[in-house]
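I set aside this notebook page for charged pairs and ring pairs, and I will write down each thing as I look it up.

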Amino acid sequence: MDSETSAGGSQDAAAHAAREVIELLEVLWSRGRDITTTAPVSSSQLRVLYALDGAQGINLRTLGEYLGAAPSSVSRMCDRLHALGFIERSLSSASRRELELRLSSRGENYLNELRSRRESALLEAISEMRPAERSALVEGLSGFHRSVECTAPRPGTAGDRAAESA
């Protein structure tokens, strides 16, 4: 087998292993729904909160581009999150016609608590791993994270496009 074929096979194996881990995480979350529930927000709304956590002060258009969602859908999700007290809207310092979106302290607390519950659930499984396996997991996941960061759109980096009113 030449190096190009083996590299492709290695990439396929890595993609397969990553998919299996994601499926295991979904099983873990559903098994311990009371521990890791995302209620009162949907998974789509949770993506909004994660995006705002990484880019405070973005507008609806930028958020919609990041999520790959229609402005009307993003607006409705933000309306619901605002009603829950998880996000704040304020007038933009750059334009009085647009609003900036930010996590509220309640939204930040929600994300911190969710992350803490999920980490606790993961620690149970990770504690059963040998030290060398844990080190390999950290190294592999760090590389995977860097790769995703390089290929995924980032909120707040839409360039010089005109902002859409929120």
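Is Arg-102 buried, partly exposed or exposed, and at what relative accessibility? I looked this up and found 30% relative accessibility, so Arg-102 counts as partly exposed. I keep in mind that I am working with a predicted model, not with anything else.

Entry on Arg-102 and its partner. I noted that the side chain of Arg-102 meets that of Glu-100 in a salt bridge, with 3.0 Å from N to O. Glu-100 has a relative accessibility of 13%, and because buried means under 20%, Glu-100 counts as buried. I therefore wrote the pair down as a partly exposed Arg-102 joined to a buried Glu-100.

Entry on the general idea. I reminded myself that side chains of opposite charge can pair when their charged atoms come close.

Entry on the whole structure. How many salt bridges does a search of the whole structure find? The search gave me six salt bridges, and I followed up some of them here.

Entry on Arg-115. I found a salt bridge between Arg-115 and Asp-53, in which the closest N and O atoms are 3.1 Å apart. This pair links distant parts of the chain, since Arg-115 sits in helix H6 (residues 105-126) and Asp-53 in helix H3 (residues 43-54), 62 residues apart. I then checked the exposure of each partner: Arg-115 is partly exposed at 30% relative accessibility, and Asp-53 is partly exposed at 34%.

Entry on Arg-130. I also looked up Arg-130, which forms a salt bridge with Glu-133, the closest N and O atoms being 3.1 Å apart. Arg-130 has a relative accessible area of 55%, and because the exposed class begins over 50%, I listed Arg-130 as exposed. Glu-133, with a relative accessible area of 31%, went into my notes as partly exposed.

Entry on the rings. How many aromatic pairs does a search of the whole structure find? I found one aromatic pair. Phe-86 and Tyr-110 form this pair, and it is stacked, with 4.9 Å from centre to centre and 25° between the planes. The pair links distant parts of the chain, with Phe-86 in the loop between helix H5 (71-83) and strand S1 (87-91) and Tyr-110 in helix H6, 24 residues apart. Are these two rings' residues, Phe-86 and Tyr-110, buried or exposed? I found that Phe-86 is buried, with a relative accessible area of 3%, and that Tyr-110 is buried as well, with 9%.

How values were computed
Residues numbered from 1 in each chain as written. Predicted model: local features only at pLDDT ≥ 70, side-chain atom pairs only at ≥ 80, totals over all residues. Heavy atoms only, no water. Salt bridge = Lys/Arg side-chain N within 4 Å of Asp/Glu carboxyl O. Helix = DSSP H or I, 4+ residues; strand = E, 2+ residues; numbered from the N terminus. Buried < 20%, exposed > 50% of the residue type's maximum accessible area, 1.4 Å probe, protein only. Phe/Tyr/Trp six-rings, centres within 6.5 Å; stacked < 30°, edge-to-face > 60°.
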